[in-house]
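Q: Before any term is applied to a model, it helps to ask what the term requires and whether the value meets it. Could you go through the assignments in this way?

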Amino acid sequence: MSSLLAHRLKDGTKQAHSLAENAGFIRCFLKGAVEKTSYRQLLSDFYFVYTALEEEMVAQQHHPLLSHLYFTELHRKSSLAKDLSYYWGNAWQEVITPSDAAQRYVERIHAVAIADPILLIAHSYTRYLGDLSGGQLLKKLAQRGMNLPPGHGIAFYEFEDIQNPKAFKAKYRQALNHLSLDESAITQIVDEANLAFQLNMALFQDVEGSLIQAIGQMIFNHLTRSRRNNASQWSADLTETTGLQPD
Ligand code: HEM
């Protein structure tokens with residue numbers, strides 16, 4: 001029996017996807033303005049989110065439906081750990097904390113894992129298919145925007161055990177379509193995927209807050225440092241803090 005879940009998810013989250021693509025933080029990213037402080041906060045938040053998701057997927061690996069979507073090659077926890085050590089230093093585990101939005105996201109993942117584990121499908125779909133799609137573009141922008149040395153700080157986007165993301169996505173969609181689900185379950189999974197997109201938007205909004213804070217701090221530093229009151233230093237500060245090139 002085919003559920004056509006892949007099609008339903010794609011159609012049912014179209015609007016949420018275009019809202020996510022247009023989130024302020026993502027738009028800055030697309031313009032090449034990637035600021036390290038907010039980027040490393042986003043990665044920290046992702047670490048908590050993926051840890052929760054992967055912990056629950058591992059626990060459900062023999063579930064009659066979830067077992068068909070159990071692909072360890074998608075797991076991001078250890079690649080995030082690599083990046084966090086690059087951005088925060090060796091003691092990263094002692095310094096990172098989840099934002100409020102990340103905390104809510106994590107709580108939701110654990111809550112559905114207890115109440116209705118098949119809703120984990122929605123969380124896996126939203127993050128992993130996204131990482132294998134737009135995520136590949138974000139990798140190039142992160143590299144360029146933060147001037148990263150080759151091979152550093154982009155492990156999150158690198159799926160070492162997936163040689164062909166397009167073919168893998170086709171396989172994943174096929175697995176979604178072959179799940180035996182009734183209409184009510186499909187509707188609930190699509191609703192949960194929309195919630196997952198909202199939880200991601202909330203993460204981006206929290207990170208946007210820290211980007212604005214970073215710009216505010218830069219302006220404050222600029223105003224209080226008299227030796228730095230010339231236009232060229234201002235431009236250098238702006239570029240250093242935000243990645244933006246003044247006109
Ligand atoms: C810069 C922002 C983004 C760009 C440029 C982008 C781009 C894309 C593209 C081109 C696809 C189609 C890939 C294909 O059919 O093979 C796609 C799919 C997808 N994206 Fe994004 N995306 C972005 C942000 C996001 C975000 C923030 C999320 C979720 C948090 C997300 C989740 C997804 C999902 C789940 C799919 C799979 C859709 C499907 O085929 O069912 N994307 N994205």
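A: A residue counts as buried under 20% relative accessible area, as exposed over 50%, and as partly exposed in between. Gly 12, with a relative accessible area of 32%, falls between those two limits and is therefore called partly exposed. The model is a predicted one, and each value discussed here is computed from it.

Q: Where does Gly 12 lie, and which residues does Gly 12 touch, not counting residues up to four places away in sequence?
A: Gly 12 lies in helix H1, which covers residues 5-12. Leaving aside residues up to four places away in sequence, Gly 12 touches Val 190 and Asn 194. The C-alpha atoms of Gly 12 and Val 190 are 6.2 Å apart in space, although the two residues are 178 residues apart in sequence.

Q: Why is H1 called roughly perpendicular to H10, and not oblique?
A: Two packed helices are described by the angle between their axes and the distance between the axes. H1 and H10 pack with their axes 6 Å apart and at an angle of about 105 degrees. Angles of 65 to 115 degrees count as roughly perpendicular, so H1 is roughly perpendicular to H10. On the H1 side the contact is made by Leu 5, Ala 6, His 7, Leu 9 and Lys 10, and on the H10 side by Arg 173, Leu 176 and Asn 177. By class, the contact of H1 with H10 has 4 nonpolar, 2 polar and 2 charged residues.

Q: What makes H8 oblique to H9?
A: The axes of helix H8 (residues 120-132) and helix H9 (residues 134-145) come within 3 Å and cross at roughly 55 degrees. An angle of this value is neither under 35 degrees nor in the range of 65 to 115 degrees nor over 145, so H8 is oblique to H9. Gly 130, Asp 131 and Leu 132 of H8 make this contact with Gly 134, Gly 135 and Gln 136 of H9. The residues of the contact divide into 1 nonpolar, 4 polar and 1 charged, with Gly counted among the polar ones.

Q: How do you know that Arg 127 and Asp 131 meet in a salt bridge, and are these residues buried or exposed?
A: The term requires a side-chain nitrogen of Lys or Arg within 4 Å of a carboxyl oxygen of Asp or Glu, and the N to O distance between Arg 127 and Asp 131 is 2.6 Å. Both residues lie in helix H8, 4 residues apart, about one turn of the helix. Arg 127 has a relative accessibility of 10% and therefore counts as buried, and Asp 131, with a relative accessible area of 3%, is buried as well.

Q: What makes the pair of Glu 160 and Lys 82 a salt bridge, and which parts does the pair tie together?
A: At 3.8 Å from N to O, the pair is within the 4 Å limit. Glu 160 lies in the loop between H9 and helix H10 (165-177) and Lys 82 in helix H5 (residues 77-88), so the pair ties together parts that are 78 residues apart in sequence. Glu 160 is exposed because its relative accessible area of 59% is over 50%, and Lys 82 counts as exposed at 52% relative accessibility.

Q: Why is Lys 139 called buried, and what is the term for Glu 158?
A: Lys 139 has a relative accessible area of 19%, which is under the 20% limit, and therefore is called buried. Glu 158 has a relative accessible area of 32% and is partly exposed. The side chains of Glu 158 and Lys 139 meet in a salt bridge at 3.3 Å, N to O. This pair links distant parts of the chain, with Glu 158 in the loop between H9 and H10 and Lys 139 in helix H9, 19 residues apart. In total, the structure holds 6 salt bridges.

Q: Why does Asn 147 count as exposed?
A: Asn 147 has a relative accessibility of 68%, which is over 50%, so Asn 147 counts as exposed. Asn 147 is found in the loop between H9 and H10, and its phi is near 55 degrees, a positive value in a residue other than glycine.

Q: How many helices and strands does the protein have, and what share of its residues is buried?
A: The protein has 12 helices and 0 strands, and buried residues make up 47% of its 247 residues. Among contacts between residues at least 6 apart in sequence, 81% join residues at least 24 apart. The accessible surface comes to about 12600 Å², of which 52% belongs to carbon and sulfur atoms.

Key: Residues numbered from 1 in each chain as written. Predicted model: local features only at pLDDT ≥ 70, side-chain atom pairs only at ≥ 80, totals over all residues. Heavy atoms only, no water. Axes fitted to C-alpha atoms, helices over the stretch in contact; angles between N-to-C directions. Helix = DSSP H or I, 4+ residues; strand = E, 2+ residues; numbered from the N terminus. Contact = heavy atoms within 4.5 Å. Buried < 20%, exposed > 50% of the residue type's maximum accessible area, 1.4 Å probe, protein only. Areas by Shrake-Rupley, 256 points an atom, 1.4 Å probe, with all protein chains shown as cover.
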